[in-house]
Amino acid sequence: MAKRDGDGWLARQLGKPYRLVGLVLAAAILSTGALVGVAASVGFTEVWHKLVFPNWYWLPIAVGGELVAYIGYTIAYREVARAERGPELDVPSVAALVTTGFGVFVQGGGFALDRAALERAGMPERQARERVLGLGALEYAVLAPATLAAAAYLIAGGDSVDPSITWSWVIGVPAGTVLALTALRYKDAFKKKRWRMHVYASLSAIELLFRLLRRPLCAVFALAGIAVYWIGDIFCLWTALHAFYAHTPPVAPLLVAYSTGYALTRRALPLGGAGVVEALLPFALGWVAIQRAPAVLAVGAYRIINLWLPMIPALAGIPALRRLERRRVRVAVSRR
């Protein structure tokens, strides 16, 4: 029998040390180059003045927030994967997939790793794609309404935040929701080849989330896990700003800036978003009236914590992923 496309994929992606080293170097160059470029636009002297006397004690607190974020994502990942008789992935394998997928080891992004892992776990290719897209949809099902509420709060309070940022969330989130729900009614019209199949898969992923909500216990764990992930990751950025910023960063503007800086989820971006996040997020923070110089330093510290430090457990988890490559995991017979 011919191997499935997912078979051997993990080994090809994670099995060659020189390849991993090359990806790490590429990500480091992109990240450093983006931060240096933004710092140059601000002025190296101004950035250096903010770096001289930082409040270092905030950074270990930021590490704790990111650890909580990864735990939350692991919980949500496992619930989405096992929904509707999906593969029952053990916690070490899920944790390894989460840390590796958020890192720089897969040039196609963490979702490509997730899809291959779910296929290897015995899930058909179409369903694996829907689970991965469903995980991404779940991320924004939690983040987008929260950002909408924060943007509406800023508009109502007459805040000095750029109105083009806040109104884009206030208008865009409801409009996108209506568009998605309308498209769901005509989902079968997209069940054709080429670009329509991508739309069909995305709509099927949204349907998967609706079906997930019909199982209250599973839905609670999935939604709570994603909420904890976002809270932990935003808390990490908030505390990193405390290290270099004299004023307490307001939560509502920070949330709007964070969501704007992540045009796509970090897991969907190649190399963990290296270079992209470092380039966009400082400007997004500046758009909500946070000084650009401390923003550059805070984003640099934040990315060390949420991208580079997790490389240690990610490397430790690669053997677990190789074991996943060699065997099929148990598919649950019963569900909550």
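This is a short talk on the helices, the buried core and the surface of one protein chain.

Okay, quick one today. What you have on screen is a predicted model, so please keep that in mind throughout. Let me start with the overall picture. The protein chain has 14 helices and zero strands. Walk along the sequence and you just get α after α, right to the end. Of the 336 residues, 51% are buried. And if you take the contacts between residues at least 6 apart in sequence, 77% of them join residues at least 24 apart. The accessible surface comes to about 15500 Å², and carbon and sulfur atoms account for 68% of that.

Now, the helices on the inside. Where does helix α11 stand, covered or open? It runs over residues 251–261 and is mostly covered, with nine of its eleven residues buried. Those buried residues are A252, P253, L254, L255, V256, A257, Y258, S259 and G261. What do they pack against? Quite a list: α7, α8, α10, α12 and α13.

Helix α5, residues 91–101, is a similar story to tell. Eight of its eleven residues are buried, so the rest of the structure largely encloses it. The buried ones are S93, V94, A96, L97, V98, T99, T100 and G101.

Okay, on to my favourite residue, Y73. You'll find Y73 in helix α4. Buried or exposed? Y73 has 0% relative accessibility, so it counts as buried. Which residues touch it? Skipping the neighbours within four places in sequence, Y73 is in contact with V98, F102, F111, L135, E139, G225, I226, Y229 and R267. V98 in that list is one of the buried α5 residues I just read out. There's also a polar contact of 2.4 Å between the side chains of Y73 and E139. And for a sense of the sequence separation here, the C-alpha atoms of Y73 and A222 sit 8.6 Å apart, although their positions lie 149 residues apart along the chain.

Y73 also gets us to the aromatics. There are eight aromatic pairs in the structure. Let me show two of them. W58 and W238 make an edge-to-face pair, 6.1 Å centre to centre with 85° between the planes. W58 is in helix α4 and W238 in helix α10, so this pair ties together parts that are 180 residues apart in sequence. W58 has a relative accessible area of 19% and is buried; the cut-off for buried is under 20%.

The second pair is Y229 with W230, and that one is tilted: 4.9 Å between centres, 50° between planes. Both partners are on the inside. Y229 counts as buried at 2% relative accessibility, and W230 is buried with 5%. Then step back a little, and ring pairs link Y73, Y140, Y229, W230 and Y258 into a cluster. So Y73 shows up again, and Y258 in that cluster is one of the buried residues of α11.

How many salt bridges are there? The count comes to one. E278 pairs with R303, and the closest N and O atoms are 2.9 Å apart. E278 belongs to helix α12 and R303 to helix α13, so to speak a link between distant parts of the chain, 25 residues apart. Are the two partners buried or exposed? Both E278 and R303 are buried.

A brief stop at S204, in helix α9, residues 195–213. S204 is buried as well, with a relative accessible area of 4%. Beyond its neighbours within four places in sequence, S204 is in contact with E130 and K187.

Last stop, the outside. L67, I71, I75, L217 and F221 form a nonpolar patch on the surface, with about 450 Å² of accessible area together. Two elements give two or more residues to it, α4 and α10. Which one gives the most? That's α4, with three residues. L67 is found in α4, and at 53% relative accessibility L67 counts as exposed. Compare Y73, found in α4 as well, which is buried at 0%. On spacing within a helix, the usual reminder: an α-helix has 3.6 residues a turn, so residues three or four places apart point the same way.

That's my tour. Happy to rotate the model for anyone who wants another look.

Conventions: Residues are numbered from 1 along each chain as its sequence is written. This is a predicted model: local features need pLDDT of at least 70, side-chain atom pairs count only at pLDDT 80 or more; totals for chains, interfaces and linings use all residues. Side-chain values use heavy atoms; hydrogens and water are left out. Patches are made of residues with over 30% relative accessible area and no salt bridge: like charges are joined within 9 Å, nonpolar side chains (Val, Leu, Ile, Met, Phe, Trp, Tyr) within 5 Å. Accessible areas come from the Shrake-Rupley method with a 1.4 Å probe; for residues, only the protein chains shown count as cover. A salt bridge is a side-chain nitrogen of Lys or Arg within 4 Å of a carboxyl oxygen of Asp or Glu. Helices (H or I, at least four residues) and strands (E, at least two) are DSSP runs, numbered from the N terminus. Buried means under 20% relative accessible area, exposed over 50%, partly exposed in between (1.4 Å probe, protein chains only). Contact means heavy atoms within 4.5 Å. A polar contact is a pair of N or O atoms within 3.5 Å; within protein, one must be able to donate a hydrogen and the other to accept it, and residues adjacent in sequence count only if both atoms are side-chain atoms. Rings of Phe, Tyr and Trp (its six-membered ring) pair if their centres lie within 6.5 Å; planes under 30 degrees apart count as stacked, over 60 as edge-to-face and the rest as tilted.
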